[in-house]
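Subject: Structure for you to look at

Hi,

Here is the structure I promised to pass on. Have a look at it first, and then read on for what turned up when I went through it.

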Amino acid sequence: MLQRPTSATPIARTRPLRVLLVEDSVLIRKHLVALLEDSEGVAVCGEVDTEADAVTALRVGRFDAVVVDLQLREGSGFGVLQHLKLYHPDLLAIVLTNSNTAAMRARSLAMGAHHFLDKSSEFERVAELLEGLRGN
């Protein structure tokens, strides 16, 4: 059985950690890309803004981690989490959202998210968690 990666179980890599961003806000995606470009060994290898595009990217691309918002232009982050849980349970799933309620957190974690972060107060933790997975 595959062990689900967490920040406590680093993965040593010779290539950058490949990240997919699933976020409907162009501004937030730009800020995430800028944040992650400063992270050693982390590369944003895809950016999408709908659930369908995320599922397509996950089917054809190779990623190590996914940063997903719950509210998307079409569909939702919950659909992305469901796909991850069924087909890519080994990928690190980080929810980054403004929908920071106990119910949203519980549902996200039950659907397989490894981390649930509030955009307004924990934005920079995304880089920390990815660097932890990378083993930096």
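Of the 136 residues in the protein chain, 49% count as buried. Keep in mind that this is a predicted model. Among the contacts between residues at least 6 apart in sequence, 68% join residues that are at least 24 apart. The chain has six helices and five strands, and from the N terminus on they run β-α-β-α-β-α-β-α-β-α-α.

**The sheet**

The five strands make an open sheet in the order β2-β1-β3-β4-β5, with parallel pairing. The edges are β2 (42-48) and β5 (115-118); each has a single partner strand, so one side of each is left without a neighbour in the sheet. From one strand to the next the twist averages 20°.

If you want to step through the pairings, start with β1 and β3, which pair in the parallel sense over four bridges. Here valine 22 stands opposite valine 68 in β3. Valine 68 also has a bridge partner in β4, namely valine 95, and β3 is joined to β4 by four bridges, again running parallel. Four bridges also join β4 (residues 92-97) to β5, and those two strands run parallel as well. Across that pairing, leucine 96 stands opposite leucine 117 in β5.

**Helices on the sheet**

Helix α1 (residues 26-37) lies across β1 (17-22), β2, β3 (65-68) and β4, and runs at about 165° to β2. Helix α2 (residues 51-60) packs on the sheet too, where it touches β1, β2 and β3, and its direction makes about 160° with that of β1.

**Two residues to click on**

Valine 66 is in strand β3. How buried is valine 66? Its relative accessible area is 0%. Not counting residues up to four places away in sequence, valine 66 touches Leu20, Val22, Leu58, Leu84, Leu91, Leu92, Ala93 and Ile94. Its C-alpha atom is 6.0 Å from that of leucine 21, although the two are 45 residues apart along the chain. As for the rest of β3, Val66 and Val68 point one way from the strand while Ala65 and Val67 point the other way, and all are buried.

Glycine 46 has its place in β2, the edge strand mentioned above. Is glycine 46 buried or exposed? At 14% relative accessibility it counts as buried, because the cut-off for that is under 20%. Leaving aside neighbours within four places in sequence, glycine 46 is in contact with Val19, Leu20, Leu21 and Phe63. The C-alpha atoms of glycine 46 and leucine 58 are separated by 9.5 Å, with their positions 12 residues apart along the chain.

**The cavity**

I also looked for enclosed empty space. A search of the whole structure finds one cavity of 30 Å³ or more, and its volume is about 40 Å³. Which residues line this cavity? They are Leu21, Val22, Glu23, Leu32, Val67, Val68, Asp69 and Leu96. That lining divides into six nonpolar residues, no polar ones and two charged. Both β1 and β3 supply at least two residues of the lining. Some names here will be familiar from the sheet: Val22 and Val68, which line the cavity, are also the pair that stand opposite each other between β1 and β3.

**The C-terminal helix**

Finally, take a look at helix α6 (residues 125-134). Seven of its 10 residues are buried, so this helix is largely enclosed by the rest of the structure. The buried ones are Val126, Ala127, Leu129, Leu130, Gly132, Leu133 and Arg134. After α6 comes glycine 135, which has a positive phi, near 95°.

That's what I have for now.

Cheers

Terms used
Residues numbered from 1 in each chain as written. Predicted model: local features only at pLDDT ≥ 70, side-chain atom pairs only at ≥ 80, totals over all residues. Heavy atoms only, no water. Pairing = 2+ DSSP bridges. Axes fitted to C-alpha atoms, helices over the stretch in contact; angles between N-to-C directions. Contact = heavy atoms within 4.5 Å. 1 Å grid on protein atoms, 1.4 Å probe; cavity = no way out; pocket = protein on both sides within 12 Å on 5 of 7 lines; lining within 4 Å. Points joined across faces, edges and corners; volume = space filled by probe spheres on them. Nonpolar A, V, L, I, M, F, W, Y, C, P; charged D, E, K, R; others polar. Buried < 20%, exposed > 50% of the residue type's maximum accessible area, 1.4 Å probe, protein only.
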